[in-house]
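Colleague: I'm new to this one and would like to see how its two chains meet. Can you walk me through it?

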2 protein chains.
Amino acid sequence: MLFLLSGPSGVGKGTVRKALFRKNPHELLYSISATTRSPRRNEVNGRDYFFVSKAEFEKMINDGKMLEYAQYVDQYYGTPNTWIEQQRQQGNDVFMEIEVNGAMQVRSKVPDAILIFLLPPDLMQLRNRLELRGTESDEVINQRLKTARQEILMMTNYDYAVVNDKVDKAVKKVQTIIEAERLKAKRLANSYIRILEG
Amino acid sequence: MLFLLSGPSGVGKGTVRKALFRKNPHELLYSISATTRSPRRNEVNGRDYFFVSKAEFEKMINDGKMLEYAQYVDQYYGTPNTWIEQQRQQGNDVFMEIEVNGAMQVRSKVPDAILIFLLPPDLMQLRNRLELRGTESDEVINQRLKTARQEILMMTNYDYAVVNDKVDKAVKKVQTIIEAERLKAKRLANSYIRILEG
């Protein structure tokens with residue numbers, strides 16, 4: 001299985017992912033990205049990123065070896081396909097933390113990937129948005145509603161949505177999703193069929 | 001949401017359902033069946049069953065008011081639709097425990113129902129079926145494989161599969177499924193949209 005944790009920038013994807021892997025009772029493998037930017041202090045090649053040259057990265061793109069990629073500030077960031085494919089063929093589950101655009105690229109290439117959208121807690125405040133009136137200007141309220149609409153629109157492209165109000169709670173929900181996905185009847189039936197057929 | 005717990009007869013659906021409702025942290029409502037058989041000692045109308053006459057039951061069938069039904073030993077057993085529809089419209093989640101044939105009837109009428117298949121633990125023994133050779137006759141092994149194939153075929157019509165090796169473990173898995181289903185992005189997005197639209 002391939003799990004993706006994504007969401008609007010600043011929502012805390014990295015914090016939730018790191019907390020999940022500190023426990024990691026699910027034996028998930030973390031997918032390491034490739035980048036063309038230089039390693040920062042303490043960053044290790046093959047642990048934090050695969051650090052590659054621009055020419056290497058562009059060759060991987062042209063060879064169709066990138067599951068997804070993006071360019072920020074003249075540097076490439078992306079996920080090489082080969083390692084993920086190898087792990088999945090060996091029956092291992094892979095976990096990615098990824099920006100929204102990257103997640104949509106993966107969805108189109110790996111339809112059975114499981115996409116989890118991390119939501120900012122202030123979207124929840126919409127529940128009492130009428131209460132906001134009086135304490136916030138119309139401009140602030142309208143901006144919040146606009147952002148909320150965009151986030152809800154994004155959310156509909158995902159399988160699950162988790163509010164990141166508290167990291168521990170969010171991690172627990174991600175774990176629940178992983179456990180439930182492992183109980184999907186089709187996956188279990190397939191593995192039984194493989195056993196029956198020897 | 002409408003959750004269905006089903007599986008081959010004798011697998012322990014009732015035991016798992018009762019243990020789930022003894023905790024019931026999910027505020028699920030248990031769907032009570034209707035039947036034409038007489039109440040047994042201690043059975044209460046509206047708690048254990050809705051006890052109705054044959055004429056009443058057949059009228060409900062003809063009026064399309066049964067979500068599913070079956071006839072055993074000249075008595076009808078089935079699930080009236082009205083109560084479930086009312087509960088779901090009020091935003092309540094309903095839980096049914098039901099035979100395999102009934103589950104398939106519900107699936108066809110309520111496509112978004114969540115179907116959980118309870119598996120007998122001996123299906124797991126297939127994993128080491130080669131070990132069985134020597135201790136069991138070919139006839140026993142072939143019968144087991146045949147039953148296993150039928151159960152796996154049934155399983156593919158369900159959303160989730162839970163092995164009933166230990167009741168506590170099975171209940172925990174059913175709870176995980178319920179929690180994960182409540183994190184489905186489409187459900188959350190719909191409720192946010194309703195809030196945004198006032």
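**Where the chains meet**

Modeller: Sure. This is a predicted model, where local features need pLDDT of at least 70, side-chain atom pairs count only at pLDDT 80 or more, and totals for chains, interfaces and linings use all residues. Side-chain values use heavy atoms, leaving out hydrogens and water.

Colleague: What makes a polar contact, and how many residue pairs in polar contact are there across the interface of chain A and chain B?

Modeller: You need a pair of N or O atoms within 3.5 Å; within protein, one must be able to donate a hydrogen and the other to accept it, and residues adjacent in sequence count only if both atoms are side-chain atoms. Across the interface of chain A and chain B, 4 residue pairs fit that rule, both residues at pLDDT 80 or more.

Colleague: And how many salt bridges are there across the interface?

Modeller: The rule finds 0 between chain A and chain B. It asks for a side-chain nitrogen of Lys or Arg within 4 Å of a carboxyl oxygen of Asp or Glu.

Colleague: Which residues take part in the contact, by number from each chain?

Modeller: With contact meaning heavy atoms within 4.5 Å, chain A gives 33 residues and chain B gives 32.

Colleague: What is the area buried between chain A and chain B?

Modeller: About 3000 Å², with carbon and sulfur atoms giving 72%. That is the accessible area (1.4 Å probe) the two parts lose on being put together, summed over both. Leu183(A), Tyr192(A) and Leu196(A) supply 25% of what chain A buries against chain B, more than any other three residues.

Colleague: What does Tyr160(B) touch in chain A?

Modeller: Leaving out residues up to four places away in sequence, Tyr160(B) touches residues including Tyr160(A), Ala180(A) and Leu183(A).

Note on methods: Residues are numbered from 1 along each chain as its sequence is written. Chains are lettered from A and ligands numbered from 1 in the order in which they are written.
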